[in-house]
Amino acid sequence: MLYEQGRVEQRVVHDLDRVEARRAEREMQLIAQRYAVYAQNTSTPMPFEQFVEYMRRLTGGQ
């Protein structure tokens, strides 16, 4: 076993703000995918923003 002197750094890699921002990003990507399927199969689709609100109410999202 080799040992080399140096320093050890400690830092937070994933703080709460980053985790929440990434979760929101993934949620929006999923909603966009669902909207694409919905819009393709509907003759007069609702606007995307309205669809987002509907999906959030339906799933109990934030």
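Helix α1 passes helix α2 in a right-handed crossing. The model in which this crossing appears is predicted. This report describes the packing of the two helices, then the aromatic residues at their contact, and finally several positions elsewhere along the chain.

**Packing of the two helices**

Helix α1 comprises residues 16-40, and helix α2 comprises residues 48-59. Their axes lie 10 Å apart, and the packing angle is about 115°. Because angles of 65 to 115 degrees count as roughly perpendicular, α1 and α2 are therefore placed in that class with respect to each other.

On the α1 side, the contact is made by Glu 27, Met 28, Ile 31, Ala 32, Arg 34, Tyr 35 and Tyr 38. The α2 side contributes Phe 48, Phe 51, Val 52, Met 55 and Arg 56. By residue class, the contact of α1 with α2 contains 9 nonpolar and 3 charged residues, with no polar ones.

**Aromatic residues at the contact**

How many aromatic pairs does the structure hold? There are 4 aromatic pairs in the structure. One of them joins Tyr 35 to Phe 48 in an edge-to-face arrangement, with 5.2 Å from centre to centre and 80° between the planes. This pair links distant parts of the chain, since Tyr 35 belongs to α1 and Phe 48 to α2, with the two residues 13 apart. Tyr 35 counts as buried because its relative accessibility is 17%, whereas Phe 48, at 27% relative accessibility, counts as partly exposed.

Tyr 35 also forms an aromatic pair with Phe 51. That pair is edge-to-face as well, with 5.2 Å between the centres and 65° between the planes. It too links distant parts of the chain, from Tyr 35 in α1 to Phe 51 in α2, which are 16 residues apart. Phe 51 counts as buried because its relative accessibility is 6%.

Tyr 35, Tyr 38, Phe 48 and Phe 51 form one aromatic cluster. These four residues are also among those through which α1 and α2 meet.

**Separations along the chain**

The table lists C-alpha separations for four pairs of residues.

| Residue pair | Separation along the chain | C-alpha separation |
|---|---|---|
| Arg 22 and Val 8 | 14 residues | 28 Å |
| Arg 57 and Thr 44 | 13 residues | 21 Å |
| Val 13 and Glu 27 | 14 residues | 21 Å |
| Gln 10 and Asn 41 | 31 residues | 51 Å |

Two of the listed residues, Val 13 and Gln 10, are located in the segment before α1. Val 13 has a relative accessible area of 46% and is partly exposed. Gln 10, by contrast, is exposed, at 79% relative accessibility. The C-alpha atom of Gln 10 is separated by 51 Å from that of Asn 41. For Val 13, the listed partner is Glu 27, a residue that also takes part in the contact of α1 with α2.

Arg 22 is part of helix α1. Its relative accessibility of 37% makes Arg 22 partly exposed. Between the C-alpha atoms of Arg 22 and Val 8 the separation is 28 Å.

Is Arg 57, a residue of helix α2, buried or exposed? Arg 57 has a relative accessible area of 62%, and because values over 50% count as exposed, Arg 57 belongs to that class. The C-alpha atoms of Arg 57 and Thr 44 are 21 Å apart.

**Summary**

The predicted model shows α1 and α2 in a right-handed crossing, with their axes 10 Å apart. Tyr 35 of α1 pairs edge-to-face with Phe 48 and with Phe 51, and these rings share one aromatic cluster with Tyr 38.

Terms used: Residues numbered from 1 in each chain as written. Predicted model: local features only at pLDDT ≥ 70, side-chain atom pairs only at ≥ 80, totals over all residues. Heavy atoms only, no water. Phe/Tyr/Trp six-rings, centres within 6.5 Å; stacked < 30°, edge-to-face > 60°. Buried < 20%, exposed > 50% of the residue type's maximum accessible area, 1.4 Å probe, protein only. Axes fitted to C-alpha atoms, helices over the stretch in contact; angles between N-to-C directions. Parallel < 35°, antiparallel > 145°, perpendicular 65-115°, else oblique. Left-handed = near helix turned anticlockwise from the far one by under 90°. Contact = heavy atoms within 4.5 Å. Nonpolar A, V, L, I, M, F, W, Y, C, P; charged D, E, K, R; others polar.
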